Amino acid sequence: MEYGSFPEIAMTDKPLRKLELLSSYFDAIFFRDIVRRYNIREVGDLNIFLRILSSSYASYFSSVKALNYFRSTGRRISRITLLNFLYYSKSVFLVNILEKYEKSVQKRMATQSKIYITDIGISRLFSDIDRGRALENAVLWNY
């Protein structure tokens, strides 16, 4: 739960090497899987968004809060772009989105969804690991 479960990282003993490998995996996901595949022009905004997403695993995601953050930093970005970034992240298996169960589709769409990162090691690049959230994240992926 500290560095994730990529095989090469799990087999490496040196913490610095683990972080180097995690960084290279993140870069590959970022550039090859998302930027190149979806022809992203807002590369800086995507990078910030993925850092936010990666460090807020096992938490509720609010596109409005994310939009407010971007606007507070002076960045001009639309809510649609942020939702597209979220879709791209899910499509390349960087994250999984879990909706709160409601019988009504309208209620389900109105509630916030939780974001779970595929490999907890990626989040370690951008923030400290919260053991409680990391455990919740691991339970989702092992269910």
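Which residues of α3 are buried? Here are some notes on this predicted model, starting with that helix.

1. **Helix α3.** The buried residues of α3 are D45, L46, F49, L50, L53 and S54. Looking down the axis of α3, you will find these buried residues within an arc of 160°, so they line one face of the helix. The helix itself covers residues 43–55, which makes 13 residues. From first C-alpha to last, α3 reaches 18 Å, close to the 18 Å expected at 1.5 Å a residue.

2. **F49 and its partner.** One residue on that list deserves a second look: F49 is buried, with a relative accessible area of 1%. F49 forms an edge-to-face aromatic pair with F61, at 5.9 Å centre to centre and with 85° between the planes. The pair links distant parts of the chain, since F49 belongs to helix α3 and F61 to strand β1 (residues 59–61), 12 residues apart. F61 also counts as buried, at 13% relative accessibility.

3. **A stacked tyrosine pair.** A search of the whole structure finds nine aromatic pairs. One of them joins Y38 and Y88, which are stacked at 4.0 Å centre to centre with 15° between the planes. Y38 lies in helix α2 and Y88 in helix α5, so this pair ties together parts that are 50 residues apart in sequence. How exposed or buried is each ring's residue? Y38 is partly exposed, with a relative accessible area of 23%, whereas Y88 is buried, at 14%.

4. **An aromatic cluster.** If you are colouring the aromatic residues, please mark four phenylalanines together: F26, F30, F31 and F126 form one aromatic cluster.

5. **Charges over rings.** Two tyrosine rings have a charged end sitting over them. The charged end of K114 sits over the ring of Y60, 5.2 Å from the ring centre. For R133, the ring underneath is that of Y57, and the charged end is 4.3 Å from its centre.

6. **Two positive phi values.** Which residue in the loop between α2 and α3 has a positive phi? That is N39, with a phi of about 50° although N39 is not a glycine. N39 is placed in the loop between α2 (15–38) and α3, and N39 is exposed, with a relative accessible area of 62%. F93 also has a positive phi, near 65°, in a residue other than glycine. F93 sits in the loop between α5 (79–91) and β2 (95–98). F93 is exposed too, with a relative accessible area of 65%.

7. **The overall fold.** Stepping back, the secondary structure of the chain comes to eight helices and three strands. Read along the sequence, these follow the pattern α-α-α-β-α-α-β-α-β-α-α. Among contacts between residues at least 6 apart in sequence, 57% join residues at least 24 apart.

8. **Dimensions and burial.** How does the chain's radius of gyration stand beside that of a compact globule? With 143 residues, such a globule would have a radius of gyration near 15 Å; the chain has 16 Å, which agrees. The C-alpha trace spans about 45 × 35 × 25 Å along its principal axes. Of the 143 residues, 36% count as buried, and that share includes the α3 residues in the opening point, F49 among them.

Methods: Residues are numbered from 1 along each chain as its sequence is written. This is a predicted model: local features need pLDDT of at least 70, side-chain atom pairs count only at pLDDT 80 or more; totals for chains, interfaces and linings use all residues. Side-chain values use heavy atoms; hydrogens and water are left out. Helices (H or I, at least four residues) and strands (E, at least two) are DSSP runs, numbered from the N terminus. The expected span of a helix is 1.5 Å times one less than its number of residues. Buried means under 20% relative accessible area, exposed over 50%, partly exposed in between (1.4 Å probe, protein chains only). The arc is that of the directions from the helix axis to the C-beta atoms. Rings of Phe, Tyr and Trp (its six-membered ring) pair if their centres lie within 6.5 Å; planes under 30 degrees apart count as stacked, over 60 as edge-to-face and the rest as tilted. A charge sits over a ring if NZ of Lys or CZ of Arg is within 6 Å of the ring centre and within 35 degrees of the ring normal. The radius of gyration is taken over C-alpha atoms; the globule rule is 2.2 Å times the number of residues to the power 0.38. Contact means heavy atoms within 4.5 Å.
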